[in-house]
Amino acid sequence: MTLSARAVIDLDVVGDRISRHIYGHFAEHLGRCIYDGFWVGENSSIPNIRGIRTDIVDALRALDIPNLRWPGGCFADTYHWRDGIGPREQRPKIANTNWGDVVESNHFGTHEFMDLCDLLGTEAYVNGNVGSGTVQEMSEWVEYLTRDDDSPMARLRRENGRDEPWRVPFWGIGNEPWGCGGNLSPEFYAEEARRYATYCHDHGENRLTLIAAGANEDDFEWTRVLVKTLVESHAANLYDKHPYQAISFHYYTHTGSGINREDATTFTDEQFYDTMAYARDFERVVRGHVAVMDSYDPENRVSLVCDEWGTWWNAEKGTNPGFLFQQNTIRDALVAGIHFDIFHRYARRISMANIAQTVNVLQAMILTDGDKLVLTPTYHVFEMNKGHQDARALAAHVLDAPATTARGGELPLVSMSASTKEGAALISLTHLSTDDECEVRIDLRGCGARVTRARVLGADSATTYNDADVPDRVEPRPLTTAFEGGELVVTMPPHSFATVELALD
Ligand code: AHR
């Protein structure tokens with residue numbers, strides 16, 4: 001059966017800029033993300049550049065990733081950066097009590113991370129330690145990385161082989177302080193965040209964007225306390241700028257009774273639709289945080305950052321449950337498609353997002369198996385969508401979408417967003433029906449347009465994934481589109497993601 005949906009895009013109603021940083025990434029010292037992922041060491045038989053896997057660098061460069069968050073996550077609040085500098089063999093080992101209780105060698109530290117960012121051509125987002133660290137420790141880390149004179153930390157960096165300071169724009173002030181980051185109350189954390197921020201300085205040309213650690217999912221009260229404390233302290237102290245510039249929150253998609261309860265590759269249609277309903281509920285959560293921030297900060301001076309998002313399934317059988325290694329199917333790709341549509345719609349307030357995580361952990365772009373590298377369906381969504389980076393959001397509405405029922409409510413089966421830059425437009429479409437194709441007729445208003453490329457990501461089953469044996473089961477393929485009666489007609493196969501690129505007259 002063929003379902004049908006109608007949609008409208010106003011090609012000349014140009015909205016907010018979609019920050020490229022919405023396409024950000026996250027690499028934690030967790031399982032096989034860093035070690036046996038990004039980092040194989042200089043003596044590995046796997047091709048590498050100064051210890052960093054070459055094939056991963058090449059694959060991620062093709063995504064134009066704008067920023068990379070590190071070293072956690074929960075790990076950030078147990079990490080002491082001085083353990084990770086100097087000659088590798090002399091670095092102290094520590095216990096990674098958050099993730100698998102394994103011994104951390106500290107072989108991948110500050111210099112290795114900055115080298116990785118340089119190789120990727122991406123900006124660094126360093127997450128400081130509030131839970132078990134000190135203000136001095138974070139302040140000195142900023143100085144170590146970014147100062148260019150004869151200060152004690154700049155000198156220490158030079159002793160470790162790096163003359164020039166790096167540019168490090170993004171800094172997280174702790175992580176999940178309501179949980180692994182210290183089990184703090186929002187009131188206490190808000191004061192702490194302000195104190196930490198006070199001692200993190202802009203050295204030389206480097207300008208910091210300090211990100212206070214925010215809410216779990218729809219904990220709007222956490223956001224309210226953070227933004228209120230920030231805005232009021234700013235007004236009282238007449239600072240030139242706010243002590244911190246952004247507030248984060250985390251949102252993981254799962255089904256059943258919580259994270260880590262269901263398998264990544266084996267699921268029923270009901271579980272599939274429940275997952276999609278959970279992903280779409282992200283819009284309610286974003287709307288709530290934005291409403292709270294609007295009420296205290298109507299001038300939009302403080303931005304919202306979702307620095308952990310993605311699916312969270314059971315760890316694959318036979319792997320360490322503390323390593324959070326999961327496969328990645330078409331279902332995960334569609335969760336990504338839905339999230340990006342929502343990020344694009346709220347581009348006014350959302351300045352950054354980071355999928356959790358980039359390699360071998362949770363909703364990964366890349367899975368490694370020895371010297372083999374697998375690009376996941378989610379990787380392809382990031383690649384197909386990269387034209388939205390720094391584009392301007394367009395008014396895009398799905399009308400008369402088919403729907404089903406999931407998690408006790410109505411679940412529309414088509415999601416869409418669009419943007420424009422440099423005389424072109426990009427339309428993203430996510431279609432959720434597991435049984436039926438859907439003909440989407442899009443009324444393109446405002447100017448003439450012709451299709452320059454259309455691609456679709458799909459497979460016979462939503463459970464399909466790529467692995468080392470068959471790495472290309474799920475890949476973007478050309479999609480045929482048509483103009484009929486002035487409307488763009490896109491026929492989406494069941495459970496698929498598509499992008500249509502337009503040249504505008
Ligand atoms: O991404 C995995 C973990 O999930 C992060 O370390 C933590 O911040 C969150 O709970």
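In the predicted model, alanine 215 has phenylalanine 249 of strand 11 as its bridge partner. Another bridge to strand 11 places alanine 212 opposite isoleucine 247. Strand 10, which covers residues 209–216, runs parallel to strand 11, and four bridges join the two. Strand 11 is also joined to strand 12 (residues 303–311), here by seven bridges and again in a parallel arrangement. Across this second pairing, tyrosine 251 stands opposite tryptophan 309 of strand 12. Strand 11 itself spans residues 246–253, and seven of its eight residues are buried, so the rest of the structure largely encloses this strand.

These strands belong to an open sheet of eight strands with parallel pairing, in the order 2-5-8-9-10-11-12-13. Strand 2 (25–26) and strand 13 (350–355) form the edges of the sheet; each has a single partner strand, so one side of each is left without a neighbour in the sheet.

A further open sheet is built from ten strands in the order 23-22-26-20-19-16-1-21-25-24, and its pairing is mixed. Its edges are strand 23 (477–478) and strand 24 (481–484), each paired with a single strand, so each has one side without a neighbour in the sheet. Within this sheet, strand 20 and strand 26 pair in the antiparallel sense over eight bridges. One residue pair across the two strands is serine 428 with its bridge partner threonine 499, which lies in strand 26.

The domain assignment divides the protein into domain 1 (2–11 + 394–504) and domain 2 (19–389). A distance of 29 Å separates the C-alpha centres of domain 1 and domain 2. Their contact involves 33 residues from domain 1 and 36 residues from domain 2. On the side of domain 1 that touches domain 2, the elements giving two or more residues are strand 17 (403–406), strand 18 (409–412), strand 19 (414–421), strand 20 (424–431), strand 22 (449–457) and strand 26 (496–504). Strand 19 gives the most to this side, with four residues. By class, the residues on this side of domain 1 comprise 14 nonpolar, 14 polar and five charged.

The largest nonpolar core holds 148 residues, and the members that touch the most other members are Ile9, Ile173, Ile211, Tyr244, Met276, Ile366 and Val440. Helix 9 (residues 330–345) supplies the largest share of this core, nine residues. Residues of both domain 1 (2–11 + 394–504) and domain 2 (19–389) take part in the core, so it lies between the two domains. For tyrosine 244, the contacts with residues more than four places away in sequence are Ile173, Ala193, Ala197, Leu210, Ile211, Ala212 and Leu230.

Helix 10 (residues 377–384) is mostly covered, with seven of its eight residues buried. The buried residues of helix 10 are Pro377, Thr378, Tyr379, His380, Val381, Phe382 and Met384. Their cover includes helix 9, strand 14 (366–369), strand 15 (372–375), strand 22 and strand 26.

Leucine 375 is found in strand 15. This leucine 375 has 22 C-beta neighbours inside 10 Å; it therefore counts as buried, since the cut-off for a buried residue is 20 or more. Leaving out residues up to four places away in sequence, leucine 375 touches Ala59, Ile366, His380, Asn466 and Pro471. Of these, His380 is one of the buried residues of helix 10, and Ile366 is one of the core members that touch the most other members. The C-alpha atom of leucine 375 is separated by 35 Å from that of glycine 182, which is 193 residues apart from it along the chain.

The surroundings of the ligand were also examined. The residues around the ligand are Glu28, Gly72, Gly73, Cys74, Asn175, Glu176, Glu308, Ala356, Gln357 and Leu362. This shell around the ligand contains three nonpolar, four polar and three charged residues.

Note on methods: Residues are numbered from 1 along each chain as its sequence is written. This is a predicted model: local features need pLDDT of at least 70, side-chain atom pairs count only at pLDDT 80 or more; totals for chains, interfaces and linings use all residues. A nonpolar core is a set of buried Ala, Val, Leu, Ile, Met, Phe, Trp, Tyr and Cys residues joined through C-beta atoms within 7 Å. A residue is buried if 20 or more other C-beta atoms lie within 10 Å of its own, exposed if 12 or fewer, and partly exposed in between; C-beta atoms are placed from the backbone. Domain bounds come from an automatic or database domain assignment. Two residues are in contact if their C-beta atoms, placed from the backbone, lie within 7 Å. A residue is near a molecule or strand if its C-beta atom, placed from the backbone, lies within 6 Å of it. Ala, Val, Leu, Ile, Met, Phe, Trp, Tyr, Cys and Pro count as nonpolar, Asp, Glu, Lys and Arg as charged, and the others, Gly among them, as polar. Two strands pair if DSSP finds at least two bridges between them.
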